[in-house]
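Colleague: I'd like a close look at a single part of this model, starting with one residue and working outwards. Could you walk me through it slowly?

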Amino acid sequence: MINDSHKYTQRLALISLKEINPSLSENILFDKLTESDDYIRWVSIKMLKELNSTRVREAINILKDDKFENIINEIKDLI
């Protein structure tokens, strides 16, 4: 479901996986930070934050020039 053709399904799968298997989720979420879909990137940074991931700083660096307002706001909350 994480690679489903429907982006909404992917987002829900990412959120669910965070609850089921946090360590696996962290790696997948980090990989999704470069997705073309704004909401996938946003869910990824949000879930990394909720997991208290050690990779949050890395994620911020990847998304630092992102133009999607939700991501900009999420990064502001993390800094």
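Modeller: Sure, let's start with Gln10. This is a predicted model, so keep in mind that everything here is computed from it. Gln10 counts as buried because its relative accessibility is 4%, and the cut-off for buried is under 20%. You'll find Gln10 in helix α1. What does Gln10 touch, once you set aside residues up to four places away in sequence? The list is Met1, Ile2, Asn3, Asp4, Lys32, Glu35 and Ile40.

Pick Ile2 from that list and look at things from its side. Leaving out its neighbours within four places in sequence, Ile2 is in contact with Gln10, Ala13, Leu14, Leu17, Ile28 and Lys32. Ile2 also belongs to the largest nonpolar core, which has 21 residues. Ile2 is listed there among the residues with the most contacts inside the core, along with Leu14, Leu33, Ile45, Leu48, Ala59 and Leu63. Which elements give two or more residues to this core? They are α1, α2 (22–31), α3, α4 and α5. Of these, α3 gives the most, with 5 residues.

Now back to Lys32 and Glu35, two of the residues that Gln10 touches. Let's come to them by way of the salt bridges, which number 10 in the model. One of the pairs is Arg11 with Asp37, where the closest N and O atoms are 3.9 Å apart. Arg11 sits in helix α1 and Asp37 in the loop between α2 and α3, so this pair ties together parts that are 26 residues apart in sequence. Arg11 and Asp37 are both buried.

Helix α1 has another link of this kind. Lys18 forms a salt bridge with Glu50, and their closest N and O atoms are 3.0 Å apart. Lys18 is in helix α1 and Glu50 in helix α3, 32 residues apart, so to speak a link between distant parts of the chain. Is each partner buried or partly exposed? Lys18 is buried, because its relative accessible area is 10%. Glu50 counts as partly exposed, because its relative accessibility is 43%.

A third pair is Glu58 and Arg55, whose side chains meet in a salt bridge at 3.4 Å, N to O. Glu58 is partly exposed, with a relative accessible area of 42%, and Arg55 counts as partly exposed at 22%. And here are Lys32 and Glu35 again: salt bridges that share partners join them and Lys7 into one network.

Let's go back to helix α1 and look at Leu12, which lies in this helix, residues 7–20. Leu12 counts as partly exposed because its relative accessibility is 40%. Together with Tyr8 and Ile15, Leu12 makes a nonpolar surface patch of about 280 Å².

Last stop: helix α5, one of the elements that feed the core. Its buried residues are Ile71, Glu74, Ile75 and Leu78. Seen down the axis of α5, they fall within an arc of 100°, so they line one face of the helix. On the other side of α5, Glu69, Lys76 and Asp77 are exposed. And what covers the buried residues of α5? The cover includes α3 (38–50) and α4 (56–63).

How values were computed: Residues are numbered from 1 along each chain as its sequence is written. This is a predicted model: local features need pLDDT of at least 70, side-chain atom pairs count only at pLDDT 80 or more; totals for chains, interfaces and linings use all residues. Side-chain values use heavy atoms; hydrogens and water are left out. Patches are made of residues with over 30% relative accessible area and no salt bridge: like charges are joined within 9 Å, nonpolar side chains (Val, Leu, Ile, Met, Phe, Trp, Tyr) within 5 Å. Accessible areas come from the Shrake-Rupley method with a 1.4 Å probe; for residues, only the protein chains shown count as cover. A salt bridge is a side-chain nitrogen of Lys or Arg within 4 Å of a carboxyl oxygen of Asp or Glu. Helices (H or I, at least four residues) and strands (E, at least two) are DSSP runs, numbered from the N terminus. Buried means under 20% relative accessible area, exposed over 50%, partly exposed in between (1.4 Å probe, protein chains only). The arc is that of the directions from the helix axis to the C-beta atoms. Contact means heavy atoms within 4.5 Å. A nonpolar core is a set of buried Ala, Val, Leu, Ile, Met, Phe, Trp, Tyr and Cys residues joined through side-chain atoms within 4.5 Å.
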